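Please take a moment with the sequence and the structure below, and then follow the text through a few of its parts, one after another.

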Amino acid sequence: MNISSEDYLPLLIIVLTSITSIMAFSNFDLRNKLIFNVGAILRGKEWYRLITSAFLHGDSMHLIFNMLTLFFFGGTVVSFLGAGKFLLIYFAAVLGGGLLSLLVHRRDNYYIALGASGGVVGILFASIALYPHIGIGFFLIPNFYIPGWLLGIGYLFYSIYGMQRNADNIGHEAHLGGAVIGIGLSLLMHPSSLIANGLYIGIMLIPLVYLTVLVLKDIRK
């Protein structure tokens with residue numbers, strides 16, 4: 001099997017993100033300069049933070065989880081759409097998730113966030129929209145896989161649970177922005193997937209719409 005140079009693009013993002021994140025674990029000046037910070041963005045006009053915060057992570061487990069997800073699903077998007085469109089989806093999802101978070105938390109100047117979750121979720125849902133039957137395995141359970149579309153539904157229901165119960169410190173609105181952009185852009189770029197995978201995409205839209213309603217309620221507060 002021939003592997004083109006563009007197949008390594010997800011790996012390049014993983015390496016760059018890992019290096020920056022690890023550096024920022026101990027370099028608080030770097031962390032504070034790059035992190036998503038509502039006051040710095042809206043008052044200081046430091047809009048670059050919407051992107052640079054994706055190169056930071058809270059701890060090693062946060063980093064490993066996001067980078068493994070990007071590694072496993074990024075190749076599918078590159079295979080279907082090419083490296084350029086992979087980059088577009090990834091950074092558009094990072095930006096969209098950040099802007100939605102900014103809208104929700106616009107009155108809290110001290111709100112901060114970090115992590116590549118918006119972009120990673122965008123790639124995850126783009127991959128599922130393009131190939132909903134992609135198999136998701138588990139390290140400790142050999143020869144056991146669940147279809148990607150089922151993982152997507154489970155992920156969205158977990159986000160709904162987290163928002164309703166305020167059960168964690170995860171920015172679910174960033175995940176919502178990333179998911180919407182990932183699905184939307186992938187279908188615009190590969191419209192035949194909507195016809196081929198319409199049933200599974202429609203099923204995923206049900207919890208996605210409900211999550212959108214929850215986020216809209218937060219925006220109105």
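In this model, which is predicted, a good place to begin is R49, which is buried because its relative accessible area of 7% lies under the 20% that marks the limit for buried residues. The side chain of R49 meets that of E46 in a salt bridge, with 2.6 Å from N to O, and E46 for its part counts as partly exposed, at 22% relative accessibility. Side chains of opposite charge can pair when their charged atoms come close. The structure holds one salt bridge, and the pair of R49 and E46 forms a salt bridge of this kind.

From this charged pair we can turn to the surface, where Y8, L11, V15, I19, M23, M61, I64, L68, F71 and F72 form a nonpolar patch whose accessible area comes to about 970 Å² together. The elements that give two or more residues to this patch are helix 1, residues 9–26, and helix 5, residues 60–81, and the largest share, five residues, comes from helix 5. One residue to look for there is M61, which is found in helix 5 and belongs to the patch; M61 counts as exposed because its relative accessibility is 58%, and exposed means over 50%.

Further along the chain, helix 11 covers residues 198–220, and because its 23 residues at 1.5 Å a residue should span 33 Å, the 32 Å between its end C-alpha atoms agrees with that expectation. Helix 11 nevertheless has a kink of about 30° at I206, shortly before the proline P207. P207 is also among the buried residues of this helix, together with I201, M204, L208, L211, L214, V215 and I219. What do these buried residues of helix 11 pack against? They pack against helix 6 (83–104), helix 7 (117–130), helix 8 (148–165), helix 9 (172–189) and helix 10 (192–196).

Helix 9, one of these partners of helix 11, is also where G177 is found. Is G177 buried or exposed? With a relative accessibility of 8%, G177 counts as buried, since the limit for that term is under 20%. Leaving aside the neighbours of G177 within four places in sequence, this glycine is in contact with G96, G97 and L100. For L100 the separation can be given in two ways, as G177 and L100 are 77 residues apart in sequence and 6.3 Å apart in space, C-alpha to C-alpha.

How values were computed:
Residues are numbered from 1 along each chain as its sequence is written. This is a predicted model: local features need pLDDT of at least 70, side-chain atom pairs count only at pLDDT 80 or more; totals for chains, interfaces and linings use all residues. Side-chain values use heavy atoms; hydrogens and water are left out. Patches are made of residues with over 30% relative accessible area and no salt bridge: like charges are joined within 9 Å, nonpolar side chains (Val, Leu, Ile, Met, Phe, Trp, Tyr) within 5 Å. Accessible areas come from the Shrake-Rupley method with a 1.4 Å probe; for residues, only the protein chains shown count as cover. A salt bridge is a side-chain nitrogen of Lys or Arg within 4 Å of a carboxyl oxygen of Asp or Glu. Helices (H or I, at least four residues) and strands (E, at least two) are DSSP runs, numbered from the N terminus. Buried means under 20% relative accessible area, exposed over 50%, partly exposed in between (1.4 Å probe, protein chains only). The expected span of a helix is 1.5 Å times one less than its number of residues. The bend at a residue is the angle between axes fitted to the seven residues ending there and the seven starting there. Contact means heavy atoms within 4.5 Å.
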